Amino acid sequence: MEEIWYLFKDHKLLLCHASKMRLPTSRDVECLADKIVSKGVIAIGDAGRDENPRQYWAEMSPEASIPEGMVALGLRDVGSILGEEAFYAAARAFQLMNWVGRYRFCMSCGDTLEPSSVDNSKICPTCGSVFYPPVSPAVIVAVEREGKILLARNASFPPKRYSVIAGFVEPGESFEDAVRREVREEVSIEVKDIKYFGSQPWPFPHSIMVGFTAKWASGELKPDGREILDAGWFSPDEMPDLPPGVSIARKLIDNFRRSRGVEF
Ligand SMILES: [Zn+2]
């Protein structure tokens, strides 16, 4: 089996581009050694730390040009081109790369951290504090009311794009608490019947999206005007511009449409 490289430059993933796009192998990366500023093995916990690792991440110098025969792809587009599994692996590679390259000092005493030999943690040689790669949970929820789904326009979205409500979990909150609070803060309604749907790593920069479905309980939509510019209840056959297929947001919306018998 060939070794696969998740090679990044300026936060974009580099793919070999011949008849079709594919991830680079060791053979493709060999000649780029002098342009690579950091690299490592892709592993979660102890897994993959065997003698013959098969997957690596690497970061190219920002000054280097994109190698001939390669193209740079935004992480958000990886799923639609290489599939969902490659998107998750690229997400893992990207987060490990950032962890190794950008989290260098102890948050307690400021000394330079050293990598652990057993997992992805880093240890402070002075005070002994141990740090792990950050993962920030966020909730995302599809709220239904009388056969319609709540979709909102976030101020950061591309023009005309609508999606389900999402937001970061606060310290001390359960996921369900976070769902209720986010919906209340962003569009002023109350929800009930909160049910787990699924989760998805979201490397922008180090989230995990935890998805739920819920039902409207009370209140009328009133966008907060800061984060949410517009919100409405949408029928399954009258959808606005939606997020791409690989996102859990889209899966929640597609799940709602299928549950209402819409073929697409
Ligand atoms: Zn320290």
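In what follows, Ala, Val, Leu, Ile, Met, Phe, Trp, Tyr, Cys and Pro count as nonpolar, Asp, Glu, Lys and Arg as charged, and the others, Gly among them, as polar. By that division, the lining of the largest pocket in this predicted model consists of 18 nonpolar, seven polar and nine charged residues. The points below take up this pocket, then a three-stranded sheet, and finally helix H2.

**The largest pocket**
- The largest pocket holds about 820 Å³ of space, and of the 34 residues that line it, Arg76, Phe157, Ala166, Trp202 and Met209 are the closest to its centre.
- Several elements each supply at least two residues of this lining, among them strand S10 (136–145), strand S11 (148–154), helix H4 (175–187) and helix H5 (248–259).
- Strand S12 (165–168) is also one of these elements, and S12 gives the most to the lining, with four residues.

**The open sheet**
- Three strands, in the order S7-S8-S9, form an open sheet with antiparallel pairing, in which strand S7 (114–115) and strand S9 (130–131) are the edge strands, each pairing on one side only.
- S7 and strand S8 (residues 122–123) run antiparallel and are joined by two bridges, and Pro115 stands opposite Lys122 in S8.

**Helix H2**
- In helix H2 (residues 75–82), the buried residues are Leu75, Val78 and Gly79, and because they cover an arc of only 95° around the axis, they lie on the same side of H2.
- The buried residues of H2 pack against strand S1 (4–9), strand S2 (12–17), strand S6 (70–73) and helix H3 (84–102).
- Gly83, which follows H2, has a positive phi, near 100°.

Key. Residues numbered from 1 in each chain as written. Predicted model: local features only at pLDDT ≥ 70, side-chain atom pairs only at ≥ 80, totals over all residues. Heavy atoms only, no water. 1 Å grid on protein atoms, 1.4 Å probe; cavity = no way out; pocket = protein on both sides within 12 Å on 5 of 7 lines; lining within 4 Å. Points joined across faces, edges and corners; volume = space filled by probe spheres on them. Pairing = 2+ DSSP bridges. Buried < 20%, exposed > 50% of the residue type's maximum accessible area, 1.4 Å probe, protein only. Arc of directions from axis to C-beta. Contact = heavy atoms within 4.5 Å.
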